[in-house]
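This briefing deals with a protein and the ligand bound to it. Look at the chain as a whole, then at the ligand and its surroundings.

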Amino acid sequence: MERVRVGLVGLGTVGGGFYELMSRNAGHFEKKMGTSVEIARVAEIDTAKASRSVPRKILAEDYRRIVEDPEIQVVIELVGGTDTAYDIIRSAIEAGKHVITANKALLALRGAELFALARRKQVELKFEAAVGGGIPIIKVVRESLVGNRIDRIMGILNGTSNYILTQMSEKQLPFADALKQAQEAGFAEADPTLDVSGGDAAHKISLLASFAFGGWVDYRNILCDGITTVTPGEIEFAASAGFCIKLIASAVLVDGKASVAVFPALLPDRHPLALVRNEVNAVFLQCDFLGPALFLGRGAGANATASSVASDLGDLVQSLILHARRGGYPFDPSRALDLYPDSEMEYRFFFHFITANRPGIWAAVTGRLAENGINIESVHQKWEDPSKPSDLYVLVDEAREGQANKALREVCSESGISEQSRFYRILPL
Ligand code: HSE
């Protein structure tokens, strides 16, 4: 029986999960593919800790023992971060090895260079675990849906943010308590600012959009708003109007260009993504032939992520054994995707104005919205303590984002209206 030899770098949460999966399920590769897969070496800086689960004879402190081993065909990078992880992946590719990673931050930052290098060296750089945790969505957009034009992607791609919004909405938990629970459960990034600022979702949607639409999307060029400003009052008002608030990673083709963005949005309660709770991730695709399709599963945590790493390994085993697909997928990251201007995107909006309590405030708000051609659907004021600022919630008809931004700036320039006022985009069913 043929054998594929693998080197694993990093035995933290995800690396440990993957090692356990292989200890339990390596036999599946033999049964399903007729090939045995051997974890030939594990590199981990903390060798003392690693030796509790990994035999000493295959343990190494230095990842170079893997990269320089001519017998190892596949390197799995699960150390995270963007410094050492970059050195590991780059040197593994240079050495002619196929690479699997879960590192969305690194791929979003330096993927254009690493994918191009992998192509030149005729090896695969695979990353199923980097987007949507255990949901096999990269394979779906690259292979399963190859016959379709994908017109729209709407994703819940950050488990931590979704967990926080769910807990705030269902249990009236304060933001900080919900974040702490997500950290304790191991969903959050080492730096949780990446989760709640939308940065982690931006890394993931830029990768997903790149491969769904066939051109590189640099995450630094996309609109990215997180959930730190979302208040319990906004969630409560949205619920009373039939919406929930979700952090949405969106990519849509408009006039042949891509609009890619991350923002907290209002979704109708009946929207399929409205039902996605806690750390669960989901990707909703709109395709020209398939139509709508929903993919849902655990988006964070050791086991779900390990499942996707194993899926990449299964693919590599298949192509190594069949001696097929040297050179990987013909994806050219040097071609940047044309981005559609954010200011031209059209949405219904939910404005939240934080205002003083005195005559003329409604007139200023409605006047400025009207001057900008924005049509009001409904207005609701939450005014509990006259000595404190009040919350003025306004739902408006479809408008361009540029109009909404200009109107918001102008309203905020009026006296008695806080600069913290903001809007959310409302997404259709
Ligand atoms: N911190 C990420 C999340 C998990 O909360 O979704 C891994 O991508």
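The protein is divided into domain 1 (3-133 + 302-322), domain 2 (137-298) and domain 3 (342-426), with bounds from an automatic or database domain assignment. The C-alpha centres of domain 1 and domain 3 are 50 Å apart. This is a predicted model, in which local features need pLDDT of at least 70 and side-chain atom pairs count only at pLDDT 80 or more, while totals for chains, interfaces and linings use all residues. Residues are numbered from 1 along each chain as its sequence is written, and side-chain values use heavy atoms, leaving out hydrogens and water.

**Shell around the ligand**
- Residues near the ligand (a heavy atom within 4 Å of it) include Leu157, Gly159, Thr160, Ala188, Glu189 and Ala300.
- By class, the shell has four nonpolar, three polar (Gly is counted here) and five charged (Asp, Glu, Lys and Arg) residues.
- The helices α7 (159-170) and α10 (199-213) each give at least two residues to this shell; helices are DSSP runs (H or I, at least four residues).

**Polar contacts (N or O atoms within 3.5 Å)**
- A polar side-chain atom of Lys104 is 2.7 Å from an oxygen atom of the ligand.
- For Asn158, a polar side-chain atom lies 3.4 Å from a ligand oxygen atom.
- Phe187 uses a polar backbone atom, 2.7 Å from a nitrogen atom of the ligand.

**Burial**
- Taken alone, the ligand exposes 260 Å², and the protein buries 91% of that (Shrake-Rupley method, 1.4 Å probe).

Methods:
Polar contact = N/O pair within 3.5 Å; in protein donor to acceptor, adjacent residues only side chain to side chain.
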